Amino acid sequence: MRITIMTLFPQMIEQAVSHSIMGRAIEASQVEIRAVNIRDYSNNKHKQVDDYPYGGGAGMLMKPGPVKWCYEAICESSPNTKKRVMYMTPHGKPWKQAMADEFAKEEEIVILCGHYEGIDQRVIEDIVTDEVSIGDFVLTGGELAALVITDSIVRLLPNVLGKQESFQEESFCDGLLEYYHYTRPAVFEGKEVPEVLLSGHHKNIEKYRRQNSLENTYKKRPDLLEQVQLSVEDRKFLQSVGYNNI
Ligand code: 6GU
């Protein structure tokens, strides 16, 4: 897969993707991540990319030209691949795991990052296929959001996570929050690891983890329970910890 990020701050992207699992995936050619500087496509001798809003008001807007010409250059460099073009904006569709799963199947994704007060609407209507938000808050620019989305897609690509990590994904991304994790020592500052985890009894451990997952989800994100397939046993357990909405 190729992910091309259109931005005024390419170094923000390059720096962030060069570490950890994304860095390793790039090294292993499992993904190509390019940051393209929109400013390089300004036709202005001062390389200006922003201007005052028609109708007045505070702040500056990104001009449509440099964004369009930048996008055209990207299309010329890979004319034969279909592209989803995502625009990072608080107006967008809230990003969810199911959307990451869907975008992970694409061959090429272009992500457009805005700055200032936004981008001239005409070029958004011209090139953008998907408007995406990472939450109900305002960021100073789309770069951090683009990185969040990129990370969530890259970890789903074939062979990016190890076998162990991928297995966890399958077992516990069924719409519930994960169970809690513990490692050595068995007692830390007087606090013990739940005894069942030391027992070696796999059936009991599995049951404990399912219940811990259910309880965490009920206490922290009860909204998630509405969209999850629950067994009779799950429901019984949830009732025992006070969940009545069944
Ligand atoms: Cl995706 N972009 C920007 N610029 N701000 C945001 C956002 C995205 N999601 C929430 N706030």
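This passage looks at where the ligand sits in a predicted model, and then at two spots in the backbone.

The ligand has plenty of company. Its shell is made up of M88, T89, P90, V132, S133, I134, G135, F137, L139, G141, G142 and A145. Sorted by class, the shell holds seven nonpolar residues and five polar ones, with no charged residue among them. Several of these neighbours also come up in the polar contacts. A nitrogen atom of the ligand lies 2.6 Å from a backbone N or O atom of F137. For I134, a polar backbone atom is 3.0 Å from a nitrogen atom of the ligand, and for T89 the distance from a backbone N or O atom to a ligand nitrogen comes to 3.4 Å. As for how well the ligand is covered, it would expose 290 Å² if taken alone, and the protein buries 95% of that.

The space that the ligand takes up is the second largest pocket. Two elements, β5 (83–94) and β7 (130–133), give two or more residues to the shell around the ligand. Of the shell residues, three come from β5, and that is the largest share.

Now for the pocket itself. Rolling a probe the size of a water molecule over the atoms shows where empty space is left. The second largest pocket has a volume of about 460 Å³. Its lining counts 25 residues, and those closest to the centre are Y87, M88, T89, P90 and G118. Here M88, T89 and P90 turn up again, having already appeared in the shell around the ligand. At least two lining residues each come from β5, α5 (121–127) and β7. Strand β5 makes the largest contribution to this lining too, with five residues. By class, the lining of the pocket splits into 12 nonpolar, 11 polar and two charged residues.

The backbone has a couple of quirks as well. Most residues other than glycine have a negative phi, and most peptide bonds are trans. K47 goes the other way on phi, with a positive value near 60° in a residue that is not glycine. This lysine is found in the loop between β2 (32–37) and β3 (50–51). The other quirk is a cis peptide bond, which joins R184 and P185 and has an omega of about 5°. P185 has its place in the loop between α7 (163–172) and β8 (187–188).

Technical notes. Residues numbered from 1 in each chain as written. Predicted model: local features only at pLDDT ≥ 70, side-chain atom pairs only at ≥ 80, totals over all residues. Heavy atoms only, no water. Near = heavy atom within 4 Å. Polar contact = N/O pair within 3.5 Å; in protein donor to acceptor, adjacent residues only side chain to side chain. Areas by Shrake-Rupley, 256 points an atom, 1.4 Å probe, with all protein chains shown as cover. 1 Å grid on protein atoms, 1.4 Å probe; cavity = no way out; pocket = protein on both sides within 12 Å on 5 of 7 lines; lining within 4 Å. Sits in = over half its atoms within 2 Å of the grid points. Helix = DSSP H or I, 4+ residues; strand = E, 2+ residues; numbered from the N terminus. Nonpolar A, V, L, I, M, F, W, Y, C, P; charged D, E, K, R; others polar. Points joined across faces, edges and corners; volume = space filled by probe spheres on them.
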